[in-house]
Amino acid sequence: MLHGDVPVGAVVVDQEGNEIARGHNRREIDGDPVAHAEVVAIRKAAEVLGTWRLEGCSLFVTLEPCAMCAGALVNARVERLVYAARDPKAGAVESLFRIADDPRLNHRVIVSGGVLSGEASALLSAFFSELRARGEK
């Protein structure tokens, strides 16, 4: 925890499973409230592909996306989302909302949750335990 960002990482892959881009939370590093791992990875993937439409791509992330990130997945036309740990406080894919597969929106993302959830949850719990031990929020 050198920079204080919540340890969330995201990877975008193409239809063949080739890595296009990756990102991690950068809110503290960049002082940017929207620099979540998913947004960072989606921006990089769009740059690499030369288009904002990430059709046929999948995004893998360690934590269930928030409302902003779920909206970014829909707007970028990501085909599939695979996430590890559920986020009961802010998750907007299955926990609090279902933005990624809301039938009222113009695109729906195929969602698979809970993949390697134990490992991801342990990493996140350790991070927040360390913050509490140091007296940080």
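These legends walk through several close-up views of one predicted protein model.

The model is predicted, so local features are given only at pLDDT of at least 70 and side-chain atom pairs only at pLDDT 80 or more, while totals for chains, interfaces and linings use all residues. Residues are numbered from 1 along each chain as its sequence is written, and side-chain values use heavy atoms, with hydrogens and water left out.

**Figure 1. The whole chain, with four helices and five strands.** Let us start with the overall layout. Helices (H or I, at least four residues) and strands (E, at least two) are DSSP runs, numbered from the N terminus. Read from that end, the elements of the protein chain follow the order β-β-α-α-β-α-β-β-α. The C-alpha atoms fill a box of roughly 45 × 30 × 25 Å along the principal axes. The radius of gyration of the protein chain is 15 Å, which agrees with the value near 14 Å for a compact globule of 137 residues; the radius is taken over C-alpha atoms, and the globule rule is 2.2 Å times the number of residues to the power 0.38. Contact means heavy atoms within 4.5 Å. Of the contacts with a separation of 6 or more, 52% join residues 24 or more positions apart.

**Figure 2. The surface and charges of the protein chain.** About 7600 Å² of the protein chain is exposed, and carbon and sulfur atoms supply 53% of that area. Accessible areas come from the Shrake-Rupley method with a 1.4 Å probe, and for residues only the protein chains shown count as cover. There are 16 positive and 19 negative side chains, and the centres of the two sets lie 4 Å apart. Lys and Arg count as positive and Asp and Glu as negative, with His and the chain ends not counted; each charge is placed at NZ of Lys, CZ of Arg, CG of Asp or CD of Glu.

**Figure 3. The largest nonpolar core, with 30 residues.** Buried means under 20% relative accessible area, exposed over 50%, and partly exposed in between (1.4 Å probe, protein chains only). By that rule, 40% of the 137 residues are buried. A nonpolar core is a set of buried Ala, Val, Leu, Ile, Met, Phe, Trp, Tyr and Cys residues joined through side-chain atoms within 4.5 Å. The members that touch the most others are Val-8, Val-12, Leu-54, Leu-59, Val-61, Leu-73 and Leu-81. At least two residues of this core come from each of strand E1 (9-13), strand E2 (19-24), helix H2 (37-49), E3, helix H3 (67-75), strand E4 (80-85) and H4. In soluble globular proteins, nonpolar side chains tend to be buried together. Beyond four places in sequence, the contacts of Leu-81 include Leu-59, Val-61, Leu-73 and Val-93.

**Figure 4. Helix H3 and the residue Arg-77 that follows.** Cys-69, Ala-70, Gly-71, Leu-73 and Val-74 are buried in H3, and the buried residues of this helix pack against H2, E3 and E4. Arg-77 sits in the loop between H3 and E4. Its phi is near 65°, a positive value in a residue other than glycine. Most residues other than glycine have a negative phi. Arg-77 counts as buried because its relative accessibility is 15%.

**Figure 5. Ser-58 in strand E3 (residues 58-63).** Ser-58 is buried, with a relative accessible area of 9%. Leaving aside neighbours within four places in sequence, Ser-58 is in contact with Val-11, Val-12, Val-13, Val-78 and Arg-80.

**Figure 6. Ala-37 of helix H2 and Val-34 of the loop between helix H1 (27-30) and H2.** Ala-37 counts as buried because its relative accessibility is 0%. Outside four places in sequence, Ala-37 touches Val-8, Gly-9, Ala-10, Gly-23, His-24 and Asn-25. Val-34 is partly exposed, at 29% relative accessibility. With the same sequence neighbours left out, Val-34 is in contact with Val-39, Arg-43 and Met-68. The C-alpha atoms of Val-34 and Cys-69 are 8.8 Å apart, although 35 residues separate them along the chain.

**Figure 7. Val-93 in the loop between E4 and strand E5 (110-113).** Val-93 is buried, with a relative accessible area of 1%. Among the residues that Val-93 touches beyond four places in sequence are Glu-64, Pro-65, Ala-70, Tyr-83, Arg-98 and Val-111.
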